[in-house]
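Me: I've got a fold open on my screen and want to know what backs up the words people use for it. Can you take my questions one by one?

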Amino acid sequence: MTTLQPPVAAEPRPAPPPAKRDRRSWTGWGFIGPFVAVFALVFLAPIAYSIYLSLFRDQLIGGNQFVGLDNYTRALQDEAFWSAVGRVALFLVIQVPIMLGIALLVALALDSGRLYGKSFFRITIFLPYAVPAVVATLMWGFMYGTKYGLVGDINSAFGVTLPDLLSPSWVLASIGNIVTWEFVGYNMLIFYSALRVVPTSLYEAAEIDGAGQWRIISAIKLPAIRGALVIATIFSIIGSFQLFNEPSILRPLALNSITTDFTPNYYTYSLSFNGQQHNYSATVAIIMGVITMIVAYVVQLRGMRKGA
Amino acid sequence: MSTTVTASPAKNTAPRLRTPRKKHSPGKPKRNVLLTVLMALMVLYTVVPLIWLVINSTKTQAGLADSNGLWFAHDFALWDNIRTTFTYHDGIFGRWLLNTLLYVVLGAGGATLLAVLGGYALAKFQFPGKRAIFAVVIGAVAVPATALAVPTFLMFSKMGLTDTPWAVIIPSLVSPFGLYLMWVFAAEAIPTELLEAARMDGASEVRTFFQVALPLLAPGIVTVLLFTTVATWNNYFLPLIMLKDPDWYPLTLGLSAWSSQAQTIGGDVIFNLVITGSLLTIIPLIAAFLFLQKYWQSGLAAGSVKE
């Protein structure tokens, strides 16, 4: 990291004002300018362009035509889109609480000081985060398989027939397991870091008042890390609504179970890159973005207000 | 009597969070066997797939099919698999590895640099537009990155950037999470008086940043660098959209191409190479996390203070 030559922006440095309070100058822009410039290029411009695209339709005859909100009315009545939304919503409602629940329990266990080999547990459980989604999905995909995988081994060893985890009725749960495996350690680390900075004097006071461990957890620890819980929940919601990597990589192994409109993101991807329907794809992406932001915002409001 | 040392990074200048940790109560909490066993189960869940990967990278394509997934086959083919992984298809795997390194050095390195500069500015300067920047950046985090992918692809395609490394590197340069982390970290780690003192002594802003601020930011920088590295190393969606030419693929895209080639008619089934390649892909990152543990964990802990 020392090899990079920082492009220090031209410093509009006015004569240093003698008054100490007067730090309100443009100097800060010299430092944040580069970030803002790239941010504008890769975040703001695509958002604007996407909104622009969603208002047009590419006709075979007549070329690009302004169609107003037609694409939006089409999307709102699009069954493929809504069934994809339903699928990720189901995923969200089941997978996210399981993942965050496990992460929280592990973080509390680590924080309790009652474990043997604490740092071993902490780093090992975190490790899957360093595994790319592609590799994680390939690994689990092979393991799910009846041919090479563990499921096949268990079947032949015990003479049982486990359900095919890549079949249409199981594949969403199988993906849920992959995502849980990938992110449980990451969320655990966020919770654990937040727990570490809770002032210990609170625990002592509570114990003197006769509070047990569970009471300390529910009355002190959980409220103290509420911010971390809310942030992790929001990131998980965004992640669920964006689900793409795992289903798309698993698809070659489960062609019958995973369709190209399996999730909203997969749907926009297919529309754009297989169907060349860029305008409609942009529309679907915008609607999904708006849904995500609304849900994230509601969760944030509720999470922050509760018991405050 | 309790000798409590409250870990309060707000007071520590450089959050070296190896400080003696809180003790929960008068007397140490008892170690709990049951809790440890439950955690061991959790560890099992975590490592079984990784063990599976290691074991199966020692098998030939035939061995994969007819041996137990969690034990070795008759012949030990690991070295052979590694050699084949690097020589298959004119050594394209090595090329993918170099591409990934290129994307990480420029993408993650650049993202970290921008986040450090920006976080420092947000933490230590008052300037016009600061609140707007904050609002927009935080709002943008909620925008699904994949929702941006299609328009970004179309924009880049018009600029002639698709199918070049720039299409992967430029979007990787922005890490809102890195900016946030650096901002919180800089606010904690750099005492404003120290900056004032440097300025009083006539140091320029650039010099103050490099000589006073930067050393204090080191743990935060390692943390952000590690997380942006993971994001770039593991990136799949962006290169999938932007790149057609396999010569520019990163490892992730290459591996998934190898995996799905079994599905194409007449495609070579090379699951043994997919598995060995996967193992080779995760080793560098796991090693980085293990070796830099001390730094990134303290950086992360400081980042969560403000929540």
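Me: Which residues of helix 3 of chain B meet helix 11 of chain B?

Reply: Keep in mind that this is a predicted model. From helix 3 of chain B, the residues are B:Thr85, B:Tyr88, B:Ile92, B:Phe93, B:Trp96, B:Leu97 and B:Thr100. Facing them from helix 11 of chain B are B:Leu251, B:Gly254, B:Leu255 and B:Trp258. Sorted by class, this contact has 8 nonpolar, 3 polar and no charged residues.

Me: Why are helix 3 of chain B and helix 11 of chain B called roughly antiparallel?

Reply: Their axes cross at roughly 150 degrees and come within 8 Å. The label needs an angle over 145, so helix 3 of chain B and helix 11 of chain B count as roughly antiparallel.

Me: What makes helix 9 of chain B roughly antiparallel to helix 12 of chain B?

Reply: Same style of check: the axes of helix 9 (residues 205–233) and helix 12 (residues 271–291) of chain B cross at roughly 170 degrees, coming within 11 Å. With the cut-off at over 145, that makes the pair roughly antiparallel.

Me: And which residues make that contact, helix 9 of chain B with helix 12 of chain B?

Reply: B:Leu226, B:Thr229, B:Val230 and B:Trp233 of helix 9 meet B:Thr281, B:Pro284, B:Leu285, B:Ala288 and B:Phe289 of helix 12, both in chain B. The class tally is 7 nonpolar, 2 polar and no charged residues.

Me: How many residues are in the largest nonpolar core, and which have the most contacts inside it?

Reply: The largest core has 171 residues, and A:Phe126, A:Met188, A:Phe191 and B:Trp258 have the most contacts inside it. Take A:Phe126: setting aside neighbours within four places in sequence, its contacts include A:Met188 in chain A, plus B:Phe227, B:Phe289 and B:Trp296 in chain B. There's also a second, separate core of 5 residues, among them A:Val198 and A:Ile216.

Me: What makes up chain B, helices or strands?

Reply: Helices: chain B has 13 of them and 0 strands. Of its 307 residues, 56% are buried, meaning under 20% relative accessible area.

Me: How do you know where to be careful with chain B, going by pLDDT?

Reply: Look at residues 1–20 of chain B, where pLDDT stays under 50 on a scale from 0 to 100. The model still has 35 contacts beyond four places in sequence for that stretch. Residues 22–26 of chain B are also below 50. For chain B as a whole, the mean is 84, with 87% of residues at 70 or more.

Technical notes:
Residues are numbered from 1 along each chain as its sequence is written. Chains are lettered from A and ligands numbered from 1 in the order in which they are written. This is a predicted model: local features need pLDDT of at least 70, side-chain atom pairs count only at pLDDT 80 or more; totals for chains, interfaces and linings use all residues. Side-chain values use heavy atoms; hydrogens and water are left out. Axes are lines fitted to C-alpha atoms, for helices over the stretch in contact, and angles run from 0 to 180 degrees between N-to-C directions. Helices (H or I, at least four residues) and strands (E, at least two) are DSSP runs, numbered from the N terminus. Angles under 35 degrees count as roughly parallel, over 145 as roughly antiparallel, 65 to 115 as roughly perpendicular and the rest as oblique. Contact means heavy atoms within 4.5 Å. Ala, Val, Leu, Ile, Met, Phe, Trp, Tyr, Cys and Pro count as nonpolar, Asp, Glu, Lys and Arg as charged, and the others, Gly among them, as polar. A nonpolar core is a set of buried Ala, Val, Leu, Ile, Met, Phe, Trp, Tyr and Cys residues joined through side-chain atoms within 4.5 Å. Buried means under 20% relative accessible area, exposed over 50%, partly exposed in between (1.4 Å probe, protein chains only). pLDDT is the predictor's confidence in each residue, from 0 to 100.
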